[in-house]
Amino acid sequence: MLPKIFPGEFAHMAASKTFMFPSRSTTPWLFSILAWLVAGGVCAAGHVDYFADNAYSNPISTMQHPNAEYANGVTYVTYLGPHEDPYVAAYDHASGKWQGPVQAGVNIMGKAQDSASKADQDAHGKPAMVVDRQGYVHVVFGGHGGVVALGANALGTPGGGRQIHVVSQKPGDISSWRELANISPSATYPQWVKLANGDLYLFYRHGSHRSDWVYQKSTDDGRTFSEPTSILKHKVSQASPTVHDAWYAWFDNGRGDTITAHYVYHPCANPGHSKDRLNAYYMLMNCRDGSWTNARGEALTLPVTKESADRVTRIPNAGSDRSNHGTCHVDAEGRPHVYFRQGGEVRYYRWLGDAWQNPVAVAAPDQGKGHDGDFVIESPTSIRMLLDQDNAGVSVVGWWNSHDGGLTWQKGPALLSSSELNFEASTLVRNAHPDARMLVASKSRKFDEPYHQMYLVGDKGPLGRPEAEANCLGEKLEREKAAMTLPKGAGKKKRKTAKAADEDPAAFETRDRK
Ligand code: ZN
């Protein structure tokens, strides 16, 4: 592994943009004013739609979530930055000003020098964020199952990295961070669920792909956590000794004190690994006693095995196609709505009380195929989905609306649009302000570049900032970026490393596979 040093407790300001008046006693007055104007972007090229240009690799996805939350007038965001480290920025809605991005910790999977090649990257350590009742910002990142040196993993198999939990030193202040060594390091795909009473649930996979999915619960704002509780069991398949039952799962709030889980089956090749993800499943936790039920309300035995999942939690009319998680929300009647990514489409399902509604492709190919995103339920029959999609050479992040319970979908306004860039959606901002609904990453369509731009989009479009503030790579990384930037496909490595092999296929990978 890499000779990075994590100081445990540190204040990192190097990556943040702080503008200060030069001292009048040491600098001529006129120069001071000019220097301040330039530093503040007043004389620079102007305003840009992105708020940062230092996102690295696959900086966000819908899997590690949420990666943004609105709290106390501020939208906080997090994403993968240089050296695969987690970066945090904050937008103050009253002043219209950005703070950061600042580095919130050190990912041990990061390299001494970044690479533009996907073969050298491991984006499993993408950060997930939550703001606790006191306003402290928590970020979990850096895990791909945990390195062997972390010791025995009773709930799974080792992979790489180390799952790390950092918290802001002060409430509402992203300028300095410290590590809290209170969660399992052998983990990947962190997902935070926050109940209305402030209880925090951290869900994740307890190791590499042949591992249980678990949660740890905190009732004291993330200062201590329960031991991991297994939800989905990994084991050798009953069908074949060379197949291992495994899962990709997604968790979020249900109605009241409940948490939803929707997931797909991964018949992992053992030894080795396969890319297959199949079927579609749904279940619900009652947080008052930790019990789980299926959509019909029938009690489940935990952890759920492949056999019991097929019997009681499977969505039968999802078929047995290749499948990937989407997001899931519950309506005012307590019924789940969910989408899965299947057959190159975003397919929406709704629980009707006694059965699942048949799947409907949102944003069908002839309308510009949808890739990924999230949705809002306004009423049981009125749903708005915010998706990234491609349409005739134009990448869009835009709304799709249904007013008949998901049977038909109509295209709504686009919040971002470009023929030069591809966009990648994340989940919706937790407790979102209408001006800041989703964190979005872009990638050049023409060049393989190590670094990418980040956007925060809402009903008024992207919340950008002065270009001089948004361009935050610094001279050294700008030079490295220029040296590494190549036309798309030139110098592309064919091999894919084993450690990157089970990454949640976000929109970019989906496109690459075609
Ligand atoms: Zn596998």
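Strand S30 gives the second largest pocket the largest share of its lining, five residues. The model here is a predicted one, and this pocket has a computed volume of about 600 Å³. Of the 24 residues lining the pocket, the closest to its centre are Asp252, Asn253, His329, Arg430 and Asn431. Besides strand S30 (428–433), the elements that give two or more residues to the lining are S12, strand S17 (243–253), strand S21 (323–330) and strand S25 (370–379). As for chemistry, the lining splits into eleven nonpolar, seven polar and six charged residues.

One of those lining elements, S25, leads on to a loop worth a look. Pro380 sits in that loop, between S25 and strand S26 (382–391). With 18% relative accessibility, Pro380 counts as buried, because the cut-off for buried is under 20%. Pro380 touches Asp331, Glu333, His337, Arg350 and Gly405, leaving out residues up to four places away in sequence. Gly405 is 25 residues from Pro380 along the chain, and their C-alpha atoms are separated by 6.4 Å.

S12 also has a loop beside it. Ser186 lies in the stretch between strand S11 (173–179) and strand S12 (188–194). Is Ser186 buried or exposed? It's buried, at 7% relative accessibility. Setting aside neighbours within four places in sequence, Ser186 is in contact with Gly145, Gly146, Leu150 and Asn153, and also with Tyr204, Arg205, His206 and Gly207.

Now for Asn67, another loop residue. Asn67 is placed between strand S3 (52–56) and strand S4 (68–71), and its relative accessible area is just 1%, so it counts as buried. Which side chain makes a polar contact with the side chain of Asn67? That partner is Ser426, at 3.5 Å. Ser426 also turns up among the residues in contact with Asn67, once neighbours within four places in sequence are left aside; the others are Ile60, Ser61, Tyr76, Val77, Thr78, Pro127, Met129 and Leu439.

Thr224 tells another story. This residue is in the loop between strand S14 (213–218) and strand S15 (229–232). Its relative accessibility is 46%, so Thr224 counts as partly exposed. Not counting residues up to four places away in sequence, Thr224 touches Asn182, Lys217 and Ser218. Its side chain makes a polar contact with the side chain of Asp220, at 2.6 Å. Thr224 and Leu180 are 44 residues apart in sequence, with 8.9 Å between their C-alpha atoms.

Here are the loop residues side by side:

| Residue | Loop between | Relative accessibility |
|---|---|---|
| Asn67 | S3 and S4 | 1%, buried |
| Ser186 | S11 and S12 | 7%, buried |
| Thr224 | S14 and S15 | 46%, partly exposed |
| Pro380 | S25 and S26 | 18%, buried |

Finally, the cysteines. A disulfide is a covalent bond between the sulfur atoms of two cysteines. How many disulfides does the model have? The count comes to zero, with a pair of cysteine sulfur atoms having to be within 2.5 Å to qualify. Cys268 is buried, its relative accessible area being 0%. Cys328 is buried too, with a relative accessible area of 0%.

Notes:
Residues numbered from 1 in each chain as written. Predicted model: local features only at pLDDT ≥ 70, side-chain atom pairs only at ≥ 80, totals over all residues. Heavy atoms only, no water. Helix = DSSP H or I, 4+ residues; strand = E, 2+ residues; numbered from the N terminus. Buried < 20%, exposed > 50% of the residue type's maximum accessible area, 1.4 Å probe, protein only. Contact = heavy atoms within 4.5 Å. Polar contact = N/O pair within 3.5 Å; in protein donor to acceptor, adjacent residues only side chain to side chain. 1 Å grid on protein atoms, 1.4 Å probe; cavity = no way out; pocket = protein on both sides within 12 Å on 5 of 7 lines; lining within 4 Å. Points joined across faces, edges and corners; volume = space filled by probe spheres on them. Nonpolar A, V, L, I, M, F, W, Y, C, P; charged D, E, K, R; others polar.
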